[in-house]
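Subject: A structure for you to explore

Hi there,

Here is the structure I promised to pass on. Have a look at it first, and then read on for what I found.

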Amino acid sequence: MKTKTAVATTGNLILTGVLLMLLGDLLFALNDAMGKWLVASFAVGQVLVIRSVGAFIVLGPMIARQGPMALFRVEQKGLQFMRVAMATGDVALFYAAVAYLPLADVMTFYMAGPIYIAALSHFFLGEKIGWRRWLAVLVGFAGVVIALRPSTAMFSLPSLFGLAGSFAFALSLVMSRYLRSTSDTTLVTWQTIAALATGIVLSIGHWQPATSIDWSGMLLLGVVATCAHLLITRSLKLAPASLLAPLQYTLLLWAIILGYIFFNDIPDTQLIIGAAIIVFAGLFIFHRKNLKETVPAEAVPPDGH
């Protein structure tokens with residue numbers, strides 16, 4: 001009887017984790033769509049500033065509960081700084097890319113994050129990967145090239161913003177593996193402070209007046225992004241990462257749907273083919289990790305936005 005109860009409890013926890021992951025992904029997709037709408041009218045720096053202020057609406061009580069001094073008791077300060085720099089670059093470059101490209105295009109670049117992580121983990125974390133996963137990494141890169149539409153346009157500045165942002169995202173996740181003993185509150189707080197400082201610098205000379213609806217939208221952007229991050233973090237504590245990882249690709253589906261609804265963006269055939277290849281390669285990499293029982297929770301890609 002006790003065994004049945006334990007199994008039922010475990011099953012409920014896993015189901016809760018799956019639902020939290022799906023909800024977190026939806027919130028991240030909404031965050032991305034809101035960000036694209038805002039950067040069409042306001043400078044990236046201004047959006048970063050108000051977004052960061054909005055994030056503290058959620059982070060404030062968490063910092064108070066943890067204790068402000070805990071923010072300064074961190075391991076490997078140099079690596080912490082590098083992680084914050086990469087995470088901030090990820091957010092800024094994402095908004096810079098969606099200001100000019102359809103949401104689905106930019107999200108496709110970011111869906112390659114797990115592929116970058118697999119390659120980077122081999123060199124920086126000493127995690128050995130076999131020839132099958134190396135082949136999947138190469139196939140995934142081919143998908144990125146296809147999605148970029150091989151031509152002179154693939155070297156356009158917005159496309160490079162998307163590629164650089166997705167690589168910064170992958171680097172920040174790899175560094176997070178080293179820093180897994182640091183609390184989520186501390187990691188997110190310093191990341192938010194850095195985004196605030198970067199936004200202040202980038203907004204100099206580009207600050208524009210806004211309506212109350214615009215200000216509310218920018219504040220809500222920070223609240224939504226922070227809530228999404230917390231939901232996904234909690235989901236990883238309730239369900240196996242190998243089960244949750246494939247659910248991250250629902251972000252691409254939401255990006256296509258929201259892009260069509262709000263911006264009338266329709267992805268072309270080449271982008272869909274490239275995205276399908278990237279998703280296939282990413283799922284195969286996670287599948288092989290699952291077989292080897294080496295799927296780290298930190299390797300699951302959040303929007304990081």
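Let's start with one helix pair. In this predicted model, Q80, R83, V84, A87 and T88 of helix α3 make contact with L187, W190, Q191, A194, A195 and T198 of helix α8. Sorted by type, the residues of this contact are six nonpolar, four polar and one charged.

How do the two helices lie relative to each other? Two packed helices are described by the angle between their axes and the distance between the axes. Here, the axes of α3 (residues 77-98) and α8 (residues 184-203) come within 9 Å and cross at roughly 60°. That angle is why α3 counts as oblique to α8. The crossing of α3 past α8 is right-handed.

Now for the wider picture. The protein chain contains twelve helices and zero strands. Of its 305 residues, 51% are buried. If you take the contacts with a separation of 6 or more, 88% of them join residues 24 or more positions apart.

Next, the interior. The largest nonpolar core has 65 residues, and those touching the most other members are V47, F94, Y95, V98, V106, M107 and M111. The biggest contribution to this core comes from helix α1 (residues 2-39), which gives ten residues. What does M107 touch, leaving aside its neighbours within four places in sequence? It is in contact with D32, F94, L251, L252 and A255. There is also a second, separate core of seven residues, among them A55, V58, L71 and V188.

Enjoy exploring!

Best wishes

Definitions and conventions: Residues numbered from 1 in each chain as written. Predicted model: local features only at pLDDT ≥ 70, side-chain atom pairs only at ≥ 80, totals over all residues. Heavy atoms only, no water. Axes fitted to C-alpha atoms, helices over the stretch in contact; angles between N-to-C directions. Helix = DSSP H or I, 4+ residues; strand = E, 2+ residues; numbered from the N terminus. Parallel < 35°, antiparallel > 145°, perpendicular 65-115°, else oblique. Left-handed = near helix turned anticlockwise from the far one by under 90°. Contact = heavy atoms within 4.5 Å. Nonpolar A, V, L, I, M, F, W, Y, C, P; charged D, E, K, R; others polar. Core = buried A, V, L, I, M, F, W, Y, C linked by side-chain atoms within 4.5 Å. Buried < 20%, exposed > 50% of the residue type's maximum accessible area, 1.4 Å probe, protein only.
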